[in-house]
Each structure stands twice: as structure tokens, then as C-alpha cells.
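Biologist: Could you take me slowly through one part of this protein, and explain each term as you come to it?

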Amino acid sequence: MTIKILLFFLMIGSHASAQELNLLKIRKEYSLAVKDESICEDNLNLLRAKAKGTTDRGYLAVFGMVFAKHMGNPFRKLGQFNKGKNLLETLIKEEPSNVELRFIRWSVQTHAPSILNYSNDIKKDKSYIIDHLYSLQHRDVKEIIYKYIKGANSFSEDELKELMK
């Protein structure tokens, strides 16, 4: 009986460690993570274990910030949010031309409560996204970002047209 239990836990552990980072899935689930704690936590844990590249780590930062929304203790919430914010800001300093990182920061700053005082780059990032979204290589990524932006109702019709050039 003990051997069966041990084998069961070994199988679960090997399945979890074998799970690959599917960044396209994570991108698609980003907007859902705000309302669904389990989606947020699952992706956050996966990113903590597997994020290596700059964009991966950008999503680690944003899922960390979003996870703060699901926490109860206000001090832990603030700490969790700031940890993600600091990581994101560091990544943007390292790679300021990364359109996806700029989109992530814009999306957080657009929706962050004013008490967090995290809104300084909204206009700058919005302008950068408008001017550079077309340069993303992957059509799926552009579509995910465009859909998110369109749903946020923060861009004018003319700006949305610019994004689709």
C-alpha cells in the first residue's frame, strides 16, 4: 500500500515538472486571471518554475500583480503587487523596445487603483503600442493584444485602425 501511494505522488510530481510553458495559452488566459483565482495561481506557479526569457518573465510579473487582487491581507497584497511591478519595470529597462512588455505595463497601469500610484506611463506606452504593434512577428500575439485593447475601451476608433496597419 505504501508503495502505491509513493508511486502515485511520484507520478503527480513528474507530470507537474514535465508541464511545458505554453506562452500562447498564458497570454490568452491573462485577461481571465483577473476574475479567476485558480487560473491566475496556476499560471503564476508555472511561470515561477519555467519562465526564462524576458517576455516569459514579463508575464510572471503581471500574473504576480494580478494575483495580489486575489489576496486578502492588504499588506501582503501590496507586497505582491510591488514585487511584480519592480520585476516588470526592470525588464522594461532592460528591453524598452519589447512591445509586449509595454502592453503588459499599459494594461496594468490602466486598471490599477489610483492608490497604488502606478499610472505614469499609460500615455507613453499607449503611443508605443500604436506605433509598434505591427512589428510583432506572431499574428496570434497581435490578435490577443488587439482584442484586449479593443475590449478595454481606452483606444479611439482611429487608434484601433492604426493598430491594424
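Modeller: A close look at helix 6

Arginine 102 has its place in helix 6, which covers residues 99-111; here a helix is a DSSP run of H or I with at least four residues, a strand is a run of E with at least two, and both are numbered from the N terminus. This is a predicted model, in which local features need pLDDT of at least 70 and side-chain atom pairs count only at pLDDT 80 or more, while totals for chains, interfaces and linings use all residues. Residues are numbered from 1 along each chain as its sequence is written, and side-chain values use heavy atoms, with hydrogens and water left out.

For the setting, the protein chain has nine helices and zero strands. Of its 165 residues, 41% count as buried, a word that means under 20% relative accessible area, whereas exposed means over 50% and partly exposed lies in between, with a 1.4 Å probe and protein chains only.

Arginine 102 is buried, because its relative accessible area is 9%. Its side chain makes a polar contact with the side chain of aspartate 125, at 2.6 Å; a polar contact is a pair of N or O atoms within 3.5 Å, where within protein one must be able to donate a hydrogen and the other to accept it, and residues adjacent in sequence count only if both atoms are side-chain atoms. Leaving aside residues up to four places away in sequence, arginine 102 touches Ile92, Pro96, Lys124, Asp125, Tyr128 and Ile129, where contact means heavy atoms within 4.5 Å.

Next come the neighbouring helices. The axes of helix 6 and helix 7 (residues 122-132) come within 9 Å and cross at roughly 140°; axes are lines fitted to C-alpha atoms, for helices over the stretch in contact, and angles run from 0 to 180 degrees between N-to-C directions. Helix 6 is therefore oblique to helix 7, since angles under 35 degrees count as roughly parallel, over 145 as roughly antiparallel, 65 to 115 as roughly perpendicular and the rest as oblique. On the side of helix 6, the residues that make this contact include Arg102, Phe103 and Trp106, and on the side of helix 7 they include Asp125, Tyr128 and Ile129. The crossing of these two helices is left-handed, which means that the near helix is turned anticlockwise from the far one by less than a right angle, whereas clockwise would make it right-handed.

Helix 8 (residues 139-152) packs with helix 6 at an angle of about 20°, and their axes are 12 Å apart. That angle is why helix 6 counts as roughly parallel to helix 8. The contact is made by Glu100, Phe103, Trp106, Ser107 and His111 of helix 6, together with Val141, Ile145, Tyr148, Ile149 and Ala152 of helix 8, and this crossing is left-handed.

Helix 5 (residues 74-94) also packs with helix 6, at an angle of about 145° and with the axes 10 Å apart, in a left-handed crossing. Among the residues that meet here are Leu88 and Ile92 in helix 5 and Arg102 and Val108 in helix 6.

Finally, threonine 55, which lies in helix 4 (residues 54-69), touches Glu100, and also Leu23, Arg27 and Asn98, when residues up to four places away in sequence are not counted. Threonine 55 is buried because its relative accessible area is 17%, and its side chain makes a polar contact with the side chain of asparagine 98, at 3.2 Å.
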